[in-house]
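Got your viewer open and a selection tool at hand? Let's take a walk through this model, one stop at a time.

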Amino acid sequence: MFGLETDIFILLALCLFAACAFEFVNGFHDTANAVATVIYTNSLKPNVAVVWSGIWNFIGVLLGGIGVAMGIVNLLPVELLVDQNVYHSIAMVLALLFSAIIWNLGTWYFGLPSSSSHTLIGSILGVGLAFSTMGRAGEPGGVNWEEATKIGKALLLSPLIGFSLAIILMFLLRRLVSNKDLFKEPKKNTPPPTWIRSILIITCTGVSFFHGSNDGQKGVGLIMLILIGITPAYFALNNTIDPTTMRGNLVQISQIVNKIDTTGLSDTDRGRVAGTKAEIVDLQRVISLPLVDGKFRAEERLQIRRDLLLINNNVKKLMESEDVDLSATDINTLTTNLNEKVGLRRFTDYAPFWVILMIALSLGLGTMVGWKRIVVTIGEKIGKQHLTYAQGASAELVAATTIALATLYKAPVSTTHMLSSGIAGSMVASKGIKNLQGGTVRNIALAWLMTLPVSVTLSFTLYLLFRWILD
């Protein structure tokens with residue numbers, strides 16, 4: 001083609017563009033989660049609502065941190081996917097991005113509020129499984145199943161939480177609010193009373209902001225996955241931190257691990273102690289090499305990242321083991337030396353500001369277009385009655401609060417599941433289960449059930465195809 005470096009640059013640019021396209025699609029796919037209630041209650045005009053939502057999605061990405069993003073990055077052991085053939089990493093990235101975009105566009109076209117989070121997780125699992133089938137004997141698999149299980153639980157529980165909390169909140173509102181205007185259907189083309197309108201706009205703002213802070217981070221994680229996978233020499237480690245500070249963390253961890261009495265420990269824990277000691281020695285050897293312009297040498301950075309993550313995982317398992325004799329002081333020291341602020345994880349868990357800004361722009365702009373298809377489903381087709389002020393406010397308040405808590409605890413949840421299940425719960429709270437439109441609920445449930453297997457299968461197949469093309 002054009003030469004290795006030129007090819008990689010072109011393919012890297014294509015991958016980054018595809019990641020931004022995914023986040024753009026995520027924006028207009030999930031816009032309905034924030035704006036459906038304010039539009040159907042006449043609180044805001046549609047064009048005003050989507051622009052307002054886009055602005056707060058943008059702000060949410062900028063201020064949301066990177067905890068959820070690192071959960072996405074750690075879902076795939078990127079270190080296992082980076083081999084001597086960089087085109088394999090590019091095949092992985094293109095496969096997971098294309099499969100996520102295809103499913104998101106398909107469900108958006110049919111007006112189904114499916115989960116972009118589910119789609120992304122399924123796509124990542126698909127390429128990880130495909131990599132596992134092509135690995136050599138004795139190599140570990142391509143999926144971090146512990147992280148996948150944690151994320152899966154968060155995604156599974158989110159619709160149940162949204163449904164239940166909306167019912168509870170509607171019950172409390174009926175008992176505590178005497179003004180019956182809150183429970184009436186909106187008058188056509190007539191804005192609600194000022195106090196009701198204020199509540200609905202506030203909840204819309206909250207859902208938009210926290211959608212950005214949670215879903216936007218998934219895009220940040222995708223970009224970091226691309227950068228680490230394709231150009232590890234530049235992005236495997238955070239090069240803005242003084243490398244010499246790593247030595248102090250390693251010394252403190254080593255002192256505690258070296259004094260662990262392995263007598264009576266299980267073979268697994270004994271292996272973790274021995275492995276951690278070996279990895280610390282290996283890492284200390286690597287980082288003792290001369291620095292270049294105050295940074296680790298480019299060819300050593302991926303190895304350093306591998307060692308840091310292995311040490312982190314082993315030490316955490318030792319801290320959780322009931323058989324390992326560690327004092328409260330030891331555990332506190334280890335926790336401090338592993339964390340993302342002053343510990344080893346600050347070298348691996350990071351995202352440059354330009355990455356966050358790029359995703360914020362993609363999500364914010366995407367939020368401002370293509371909103372109508374899914375807004376109609378959420379506003380008209382989940383329940384048999386027109387959405388009331390109380391139902392809209394309850395569903396969005398539940399969604400905003402739950403997503404905020406999930407972001408705080410670094411758990412990726414589905415904004416779509418939270419909001420649509422909250423609408424369903426508010427409808428049930430008003431007139432019982434008969435108030436739901438069975439056909440729509442079945443379609444949403446079917447999309448929810450199909451998203452994971454379809455995205456896994458699609459990304460699995462595309463990964464094999466792209467590897468064949470790029471090899």
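Here is a tour that starts with the whole chain and then moves from helices to single residues.

**The whole chain**

Before selecting anything, keep in mind that you're looking at a predicted model. Colour the protein chain by secondary structure: you'll get 18 helices and 0 strands. The protein chain has 471 residues, and buried ones make up 55% of them. Now think about contacts between residues at least 6 apart in sequence: 86% of these join residues at least 24 apart.

**Stop 1: helix 2 and helix 14**

Select residues 46–63, which are helix 2, and residues 353–367, which are helix 14. How do their axes cross? At roughly 165 degrees, coming within 8 Å. Angles over 145 degrees count as roughly antiparallel, so that is what helix 2 is to helix 14. The crossing itself is right-handed.

Now show the side chains where the two helices meet. From helix 2, pick V50, S53, G54, N57, F58, V61 and L62. From helix 14, pick F353, I356, L357, I359, A360, L361, L363, G364 and T367. Colour them by class and this contact of helix 2 with helix 14 splits into 11 nonpolar and 5 polar residues, with no charged ones.

**Stop 2: helix 8 against helix 14**

Keep helix 14 on screen and add helix 8, residues 194–230. Helix 8 and helix 14 have axes 9 Å apart and pack at an angle of about 125 degrees. Helix 8 and helix 14 are therefore oblique to each other. Their crossing is right-handed.

Which residues do the touching here? On helix 8, select H211, G212, G216, G219, V220, I223, M224 and L227; on helix 14, select W354, V355, I356, M358, I359 and L363. In this contact of helix 8 with helix 14 you'll find 10 nonpolar residues, 4 polar and no charged.

I356, I359 and L363 are worth a second look: they take part in the contact with helix 2 and also in the one with helix 8.

**Stop 3: the aromatic rings**

Hide the rest and show the aromatic side chains. Across the whole structure there are 5 aromatic pairs. Start with W56 and F209: their ring centres are 6.4 Å apart and their planes sit at 70 degrees, so this pair is edge-to-face. W56 belongs to helix 2 and F209 to helix 8, so the pair ties together parts 153 residues apart in sequence. W56 is partly exposed, with a relative accessible area of 24%.

Add W52 and F210 to the selection, and you have a cluster: ring pairs link W52, W56, F209 and F210.

Next, select F235 and W354. The centres of these rings are 6.4 Å apart and the planes are at 65 degrees, so F235 and W354 are edge-to-face. F235 is in helix 9 (residues 232–235) and W354 is in helix 14, with the two positions 119 residues apart in the chain. Are these two residues buried or partly exposed? F235 counts as buried at 18% relative accessibility, while W354 is partly exposed at 39%.

**Stop 4: P243 in its loop**

Move along to P243, in the loop between helix 9 and helix 10 (245–258). P243 is buried, with a relative accessible area of 5%. Show what surrounds it: leaving out residues up to four places away in sequence, P243 touches L291, G294, K295, F296 and F347. Try a distance label from P243 to L291. Their C-alpha atoms are separated by 8.6 Å, though the two are 48 residues apart along the chain.

**Stop 5: T333 in helix 13**

Select helix 13, residues 328–338, and pick out T333. What does T333 contact, apart from its neighbours within four places in sequence? Q252 and I256. For another distance label, choose T333 and N249: 84 residues apart along the chain, with C-alpha atoms separated by 9.5 Å.

**Last stop: R467 in helix 18**

Finish with helix 18, residues 438–470, where you'll find R467. Is R467 buried or exposed? At 11% relative accessibility, R467 counts as buried. Its contacts, not counting residues up to four places away in sequence, are H88, A91 and M134. Select those three together with R467 and you have the final view of the tour.

Technical notes:
Residues are numbered from 1 along each chain as its sequence is written. This is a predicted model: local features need pLDDT of at least 70, side-chain atom pairs count only at pLDDT 80 or more; totals for chains, interfaces and linings use all residues. Side-chain values use heavy atoms; hydrogens and water are left out. Axes are lines fitted to C-alpha atoms, for helices over the stretch in contact, and angles run from 0 to 180 degrees between N-to-C directions. Helices (H or I, at least four residues) and strands (E, at least two) are DSSP runs, numbered from the N terminus. Angles under 35 degrees count as roughly parallel, over 145 as roughly antiparallel, 65 to 115 as roughly perpendicular and the rest as oblique. A crossing is left-handed if the near helix is turned anticlockwise from the far one by less than a right angle, and right-handed if clockwise. Contact means heavy atoms within 4.5 Å. Ala, Val, Leu, Ile, Met, Phe, Trp, Tyr, Cys and Pro count as nonpolar, Asp, Glu, Lys and Arg as charged, and the others, Gly among them, as polar. Rings of Phe, Tyr and Trp (its six-membered ring) pair if their centres lie within 6.5 Å; planes under 30 degrees apart count as stacked, over 60 as edge-to-face and the rest as tilted. Buried means under 20% relative accessible area, exposed over 50%, partly exposed in between (1.4 Å probe, protein chains only).
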